[in-house]
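Please open the structure in your viewer and keep the sequence panel beside it, since each stop on this tour asks you to select something and look around it.

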Amino acid sequence: MPKPKSKSKKSSQKKFKAPYVYREESQLASGGNEEKPKVSSPCSDNFVADAGPGCHIAHPESSDWILEWEAVNADDFDADGLSDIPDIAIDPESGTLTVCNLNQYSLVAYITVYETRLRDAQGRLLEQGSTTNDEGETNQVTTLIVLCPPETFAHLCVLLPQEETDKPTSQIDLEQLRLESDVQPWNQHPDPSDVYHDLILAFPLRTDSTNPSFLCTQGIHGHLTHFFSGNLHAIDFQCPVGTPLLAVADAVVVQVQDHHECTGIAVTNLFHWNSILLQVKNTPPDKPLFVEYVHIQSASVSVGDQVQAGQVIGASGSVGFSPEPHLHFAAYRSDHPTAPTVQVSFAGKRGPYIPRAHEWYNDDGLAVP
Ligand SMILES: [Zn+2]
């Protein structure tokens, strides 16, 4: 449990009644949220910060850039006031962007602000990144990824005009502000220690003289995006668009999706991605295993195809919520859309291994520089 700073004078009912308050209902299935998740922190910093340009992460134990965590004090609000508070609010006077979590459980908020600069607690402008939608429209945006503890206001940053960053916030036209968000209960993994022991996988990317190894930019439990049930044990490998994707085991192709084109860090990209799902063959009858390749550019296999370990099944890309070209690889015990991940190992010369962020890998395992 974090220690929110003591209540500040900024807290008032008024600021949350501003007309320019945005909310988008969660589009993600979020099973198991009726329970009150504990704020245990299975998250780690198992990711490369540079791999997410324009993404800024605020977790209770790692968030030096945000303005303040503030405990909700119900006495500050009348009963109606509490129910009026949206998930995301902007203070009309200061321009402060706040995630409001009045619940007894943690919320995860993804927020993308278009063409408007944001200033952090240290007075720095938050770095922007690029995003392109399925129609080919490209924008400069800032995306905030916030794990907000129960009964906490996360005061994140201050909105500034895009062109003249020293203008007072009151000169921003908040009615015109383009902001996308997805706020949902933190869908925690039911068993973070779940490991698949019955099989060791081959490496999923083909190396060559240009790319003799690949950087793992986010490992299991990574703060960037690997802290949900459906991606806790996922691994990200940075790889140029078009890198051949290899079957990690003999398998059957279960699902193929490669018609999307969006790329970058907009919240809406979370709901549009390309992927291949394989069911691994020769697993024990009661222990099926499915492996998924996400953000792909194209598939060269179809549903029902039998593939052999090492066979090319498609080409890597950067489609979906993807700050840079990479492969997001995950394994599951079921092909249900909301199945939790399971931890798998890859075969290396020095034995099975689990890739870690900041290290380079190839078919031999950890690449020795
Ligand atoms: Zn990933």
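The tour goes from the whole chain to its core, then to single residues, and at last to the sheets.

**The whole chain**

Begin with everything shown, and bear in mind that what you see is a predicted model. The chain has 369 residues, of which 44% count as buried, and it contains 1 helix and 25 strands. Of the contacts between residues at least 6 apart in sequence, 77% join residues that are at least 24 apart.

Now colour the chain by pLDDT, the predictor's confidence in each residue. The mean for the chain is 85, and 85% of the residues reach 70 or more. Then select residues 1-43, where the pLDDT is below 50, although in the model this stretch has 87 contacts beyond near neighbours in sequence.

**The largest nonpolar core**

Next, select Val99, Ala109, Val146, Leu156, Ile276, Leu278 and Ala331, which are the residues with the most contacts inside the largest nonpolar core, a group of 89 residues. Strand β9, residues 152-160, supplies the largest share of this core, with 7 residues. Where does the core lie with respect to domain 1 and domain 2? Because domain 1 (14-185) and domain 2 (195-366) both give residues to the core, it lies between them.

Stay with Leu156 and show what surrounds it. Leaving aside neighbours within four places in sequence, Leu156 is in contact with Ala58, Ile66, Leu67, Leu97, Thr98, Val99, Leu144 and Val146.

**His155**

Move to His155, which lies in strand β9. Is His155 buried or exposed? His155 counts as buried, because it has 25 C-beta neighbours inside 10 Å, and the cut-off for being buried is 20 or more. Among residues over four places away in sequence, His155 touches Ile66, Leu67, Glu68, Glu70, Thr96 and Thr98. If you draw a distance from the C-alpha atom of His155 to that of Leu67, you should find a separation of 5.5 Å, even though the two residues are 88 residues apart along the chain.

**Strand β1 and its partner**

Select residues 55-58, which form strand β1, and turn the view until the directions of the side chains are clear: Cys55 and Ile57 point one way, His56 and Ala58 point the other way, and all are buried. Add residues 138-148, strand β8, which runs parallel to β1 and is joined to it by 4 bridges. Within this pairing, Cys55 has Thr143 of β8 as its bridge partner.

**A sheet of 9 strands**

Now follow the open sheet whose strands come in the order β20-β15-β17-β18-β22-β13-β12-β24-β25, with antiparallel pairing. At its edges stand β20 (306-307) and β25 (365-366), and each has a single partner strand, so one side of each is left without a neighbour in the sheet. Inside the sheet, select strand β17 (residues 275-280) together with strand β18 (residues 290-294), which run antiparallel and are joined by 5 bridges. Leu278, met earlier among the core residues with the most contacts, has Val291 of β18 as its bridge partner.

**A sheet of 3 strands**

For the last stop, find the open sheet with the order β14-β21-β19, where the pairing is again antiparallel. Here β14 (244-246) and β19 (298-299) are the edge strands, each with a single partner strand, so one side of each has no neighbour in the sheet. Select β19 with β21 (residues 312-315), which pair over 2 bridges, and end the tour at Ser298, whose bridge partner in β21 is Ala315.

Conventions: Residues are numbered from 1 along each chain as its sequence is written. This is a predicted model: local features need pLDDT of at least 70, side-chain atom pairs count only at pLDDT 80 or more; totals for chains, interfaces and linings use all residues. A nonpolar core is a set of buried Ala, Val, Leu, Ile, Met, Phe, Trp, Tyr and Cys residues joined through C-beta atoms within 7 Å. A residue is buried if 20 or more other C-beta atoms lie within 10 Å of its own, exposed if 12 or fewer, and partly exposed in between; C-beta atoms are placed from the backbone. Domain bounds come from an automatic or database domain assignment. Two residues are in contact if their C-beta atoms, placed from the backbone, lie within 7 Å. Two strands pair if DSSP finds at least two bridges between them. pLDDT is the predictor's confidence in each residue, from 0 to 100.
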